[in-house]
Amino acid sequence: MRFLSEINSPADLRQLRVEDLQEVADEVRQFIIDTCSQVGGHTGASLGAVELAVAMHYVFDTPNDRLVWDVGHQAYAHKILTGRRDQLHTIKQDGGLSGFLRRDESEYDTFGAGHASTSLSAALGMAVARDRKGEDFHVCALIGDSSLAGGMAMEAINQAGHLKSRLIVLLNDNEMSIAPAVGALSRYLNRIKEAQSYQHIKEEIGDALESVPHFGERLRRAAKTFKDAIAAAVLPGALVNELGFKYIGYVDGHNVPMLVKALEEAKKVDDGPVIVHALTTKGKGFPNPEKNYYAYHATGPFDPKTGLPYKSTKTAPPTYTQVFGETMCDLMANDEAIIALTAAMPDGTGVDKILEKFPDRAFDVGIAEQHAVTFCAGMACEGLKPVAAIYSTFLQRGFDQVIHDVCLQDLNVTFAMDRAGIVGADGPTHHGLLDIAYFRGYPNIVLMAPKDEAELRDMIHTAIEFPGPAAIRYPRGNGFGVDISMPPALIEIGKGEILKEGSDVAIIAYGSMVYPSVAAAEMLVPQGIKPTVVNARFVKPLDEEMILAIAREHRLIVTVEEAYLAGGFGSAVIELLESNGLQDSVKVVRMGVPDEIVTHGDPKRLLGNYGLNAEGICAKVVATLADLDHKDTGSRRFRAVK
Ligand SMILES: Cc1ncc(C[n+]2csc(CCOP(=O)(O)OP(=O)(O)O)c2C)c(N)n1
């Protein structure tokens, strides 16, 4: 590495000549390939943005000038150039660098990211603050073509054009989301590209006509009027003229000197926002002859020579995501009213298989969770049975739409909330820990969580057939390998399942915590403790009858959930007991995630930190029973003394 080993901050980069920057980019790209081949990561997304990062840190006086990245998954080159090169191999791992951006990780990470389409709003806020304070730095937001189509980004564009704030937007246009980009905006960006090549052709034609003897100039003028009329229809008119943005582009996003020139031009625009349109290739330089962008947006470890993933020899049970996709295909084959949706995560949610099999009844709406929810509501009004498969964390975006558009109108929409719980390497922005709390407060939504993949099948069927809103939460990763060959069956709404009957303690578990609770019970029995174990299945409606009966028969209830405790499943149990005057007759201990931000890293370790595994649940039961015994003896002794 001729240059990279000497670059410890962007200031070092800025000492170099423009002519050397392409080589710097090559070195950064190789460094990403070498590192990601060992530890995995958002390889393809980051490889596509190498030259953009080099050019931005060269042109802008970072960190004084503010760079605002969208999502942050593509920012590995930015991390490398801003003093984090030697920690890149720790990315997304316990105690290592975040896979996204965090203000507390580096002063160059001006705005935390992880969810899409935030950069323009944040950058505009910074630009407005700068102007109010009378300061003079540049603000440059980098955003991908798919994130640009997200609602928030559109709202920011609307305001930026109106305010005429000095703001630079670098558009990283690779025609890809995680899957191929979808939507009219993506078509619009293509039109810009076509229009520009058209402009080129137009000039060539003009030149050719001019050279016709005698009539040349007349011909050229006539052609110009006609061609201009067409050009006006396809040039980037909407963004530039109507929305108040200046436009520089398009630029080859892998040519650093060209990018530097374009960004230098953008810096000169001082009377409003300007967009620099860079064309990039996702996964540029990835060592795989097959152009499978879809697979290398993010990768696990891979062979740096072939780009092929290191194959695991273990055969694992299917993931919840796969089971969801397959179950939906089974159900959709028998019921034409069922529709499947994803918001830009076809492979992540299993909707890719549905899109293949039922292209007319499955939609990828792009990074548009809010729209996805209300789009479902509209379809439900007309008698369809839409199922929106959206990660728990991303459905936070559609909260109001779920309440206002779906629940309030009691519409039959099913929410399949994948990645509910602790997701691990992606960290705080991606953990799905809030969905119970954010939905539980609304009266008519049914909330459920399966104990395993077979129950997931039943719940999908149950939720779709339930005539009102229903949501199912299920975790990231593999199921337990249970039999899933049976056709999905309906489950009685609001009915839990007693898995083991005991008398000393009742462990009432929700969703992913049922199997660990069963395992904990097996560890308790040899210690002379007789546990009851319940698969709650529903947090709304709760199986009130069963829980109240359990409360009357046990002195200790332990609730277990993979979610924030505040407003969660355990809270629902306590509220039920309180409403029935049982709050003092049974001790309730709630296990779940406490009131703190959960970091990134190995999901097993993270769950273990909160006692959310068999050992932790067992230990909690043993300690609480010992405590109760101690208090009992204490109060007996106290009564005896009296
Ligand atoms: C609100 C939200 N929805 C979905 C995602 C998942 N996601 C992460 S990156 C990505 C694709 C982004 O595409 P684009 O903006 O074009 O950037 P690229 O990866 O192509 O560089 C998606 C859908 C997210 N991070 N946030």
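Me: If contact means heavy atoms within 4.5 Å, which strands does helix H23 lie across?
Reply: In this predicted model, H23, residues 544–553, lies across E12, E13, E14 and E16. Its direction makes about 155 degrees with that of E13, on a scale that runs from 0 to 180 degrees between N-to-C directions. Helix H22 (514–524) also lies across E12, E13, E14 and E16, at about 170 degrees to E14 (531–535).

Me: What is the order of the strands in the open sheet of 5 strands?
Reply: Two strands count as paired when there are at least two bridges between them. Here the order is E12-E14-E13-E16-E17, and the pairing is mixed. Strands E12 (497–500) and E17 (587–593) each have a single partner, so they form the edges, and one side of each has no neighbour in the sheet. From one strand to the next, the twist averages 25 degrees.

Me: How many bridges join E13 to E16?
Reply: There are 4, and the two strands, residues 505–509 and 556–564, run parallel. As an example of a bridge, isoleucine 508 has threonine 559 of E16 as its partner.

Me: Which strands stand at the edges of the sheet ordered E7-E6-E8-E9-E11-E10-E15?
Reply: That open sheet has 7 strands with mixed pairing. Its edges are E7 (362–364) and E15 (538–540); each has a single partner strand, so one side of each is left without a neighbour in the sheet. The twist here averages 20 degrees from one strand to the next. E6 (residues 338–342) pairs with E7 in the parallel sense over 3 bridges, and leucine 341 has phenylalanine 363 in E7 as its bridge partner.

Me: Which strands does helix H14 touch as it packs on the sheet?
Reply: H14, residues 320–334, touches E6, E8 (385–389) and E9 (414–417), and is directed at about 155 degrees to E6. Helix H21 (residues 453–465) lies across E6, E8, E9, E10 (446–448) and E11 (470–473), at about 165 degrees to E11.

Me: Why does the second largest pocket lie between domain 2 and domain 3?
Reply: A residue counts as lining when it has an atom within 4 Å of a pocket point. Domain 2 (320–473) and domain 3 (497–635) both contribute such residues, so the pocket lies between them.

Me: What lines the second largest pocket?
Reply: The pocket holds about 720 Å³ of space. It has 27 lining residues, of which Arg476, Asn478, Pro603, Lys604 and Leu607 are the closest to its centre. The lining comprises 15 nonpolar, 7 polar and 5 charged residues. H22 and H25 (603–609) each supply at least two of them, and H25 gives the most, with 4 residues.

Conventions. Residues are numbered from 1 along each chain as its sequence is written. This is a predicted model: local features need pLDDT of at least 70, side-chain atom pairs count only at pLDDT 80 or more; totals for chains, interfaces and linings use all residues. Side-chain values use heavy atoms; hydrogens and water are left out. On a 1 Å grid over the protein atoms alone, a cavity is a set of points where a 1.4 Å probe fits but cannot get out, and a pocket is an open set with protein on both sides within 12 Å along at least five of seven lines; lining residues have an atom within 4 Å of a point. Grid points are joined across faces, edges and corners, and a volume is the space filled by probe spheres set on the points. Ala, Val, Leu, Ile, Met, Phe, Trp, Tyr, Cys and Pro count as nonpolar, Asp, Glu, Lys and Arg as charged, and the others, Gly among them, as polar. Domain bounds come from an automatic or database domain assignment. Contact means heavy atoms within 4.5 Å.
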